[in-house]
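The exercises below ask you to read a protein model step by step. Try each task with the structure in view before you turn to its solution.

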Amino acid sequence: MIVLGVMLCILAPAGAAIVPNGLEGIIFFVFRPARLFSSEFVCSAVLIITGGFILAAGLVLFVQSIRLFILIENGTLPPWNTTKKLVVRGLYRHVRNPMILGVFLILLSEAILLNYFPFMCWAFIFITINHFYFITKEEPGLLSRFGKEYAEYKQHVPRWIPRIIPWRPENNQ
């Protein structure tokens, strides 16, 4: 690590290309403290902090939604082992698709942390494809499987942007 830092200090323009932009700020801070208040470091620090928070939120959404499926109804990600009962607990009281939202946030955080525009494009392509899939395939299938229960859930819980106060169905699952 020290050798890498020394190389970056000596060959700053060439060394910057070796390390992703988000890490560059940390390495320059460690090995060139005079850069602490430079706009380059502040920008990198903001990106690292923002990307870290988004990554943490994405991981929580993804892991917790899978955990609920497994614990409540022994369901899993593959469509051939679906739940027998509509899951309206935990994160699913705030947003209808926390698992996909979590993956989107993870992809978005990668784009921010690595400062890599193609990852940003991929994140938005991913969410757009899933949005149309949910509208055309997933939601009609859930409506036919769960009927009125899913229709009420769909009416009260947003697809992508979580509601602050969790929705509680009348039968209090």
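**Before you start.** Ile125 has its place in helix H6, where helices (H or I, at least four residues) and strands (E, at least two) are DSSP runs, numbered from the N terminus. This is a predicted model, in which local features need pLDDT of at least 70 and side-chain atom pairs count only at pLDDT 80 or more, while totals for chains, interfaces and linings use all residues. Residues are numbered from 1 along each chain as its sequence is written, and side-chain values use heavy atoms, with hydrogens and water left out.

**Exercise 1.** Decide whether Ile125 is buried, partly exposed or exposed, and find the surface patch that it helps to make.

*Solution.* Begin with the cut-offs: buried means under 20% relative accessible area, exposed over 50%, and partly exposed in between (1.4 Å probe, protein chains only). Ile125 has a relative accessibility of 44%, and therefore counts as partly exposed. Next, look at its partners: together with Trp122 and Ile129, Ile125 makes a nonpolar surface patch of about 310 Å². Such patches are made of residues with over 30% relative accessible area and no salt bridge, like charges being joined within 9 Å and nonpolar side chains (Val, Leu, Ile, Met, Phe, Trp, Tyr) within 5 Å. The areas come from the Shrake-Rupley method with a 1.4 Å probe, and for residues only the protein chains shown count as cover.

**Exercise 2.** Compare the span of H5 with the expected one, and work out how enclosed this helix is.

*Solution.* The expected span of a helix is 1.5 Å times one less than its number of residues. For the 17 residues of H5 this gives 24 Å, and because the end C-alpha atoms are 24 Å apart, the two values agree. Of these 17 residues 13 are buried, so H5 is largely enclosed by the rest of the structure. Ser109, for instance, lies in H5 and counts as buried because its relative accessibility is 1%. Not counting residues up to four places away in sequence, Ser109 touches Gly51, Ile54 and Leu55, contact meaning heavy atoms within 4.5 Å.

**Exercise 3.** Which residues have the most contacts inside the largest nonpolar core?

*Solution.* A nonpolar core is a set of buried Ala, Val, Leu, Ile, Met, Phe, Trp, Tyr and Cys residues joined through side-chain atoms within 4.5 Å. The largest one has 15 residues, and those with the most contacts inside it are Ile100, Leu101, Phe104, Leu105 and Leu108. H4, H5 and H6 each supply at least two residues of this core, and its largest share, seven residues, comes from H5.

**Exercise 4.** Trace the salt bridges of Glu139, beginning with its partner Arg96.

*Solution.* A salt bridge is a side-chain nitrogen of Lys or Arg within 4 Å of a carboxyl oxygen of Asp or Glu. In the bridge between Arg96 and Glu139 the closest N and O atoms are 2.8 Å apart. This pair links distant parts of the chain, since Arg96 is in the loop between H4 and H5 and Glu139 in helix H6, 43 residues apart. Glu139 also pairs with Lys154, at 3.6 Å between the closest N and O atoms, and with Arg159, at 2.9 Å. Salt bridges that share partners thus join Arg96, Glu139, Lys154 and Arg159 into one network.
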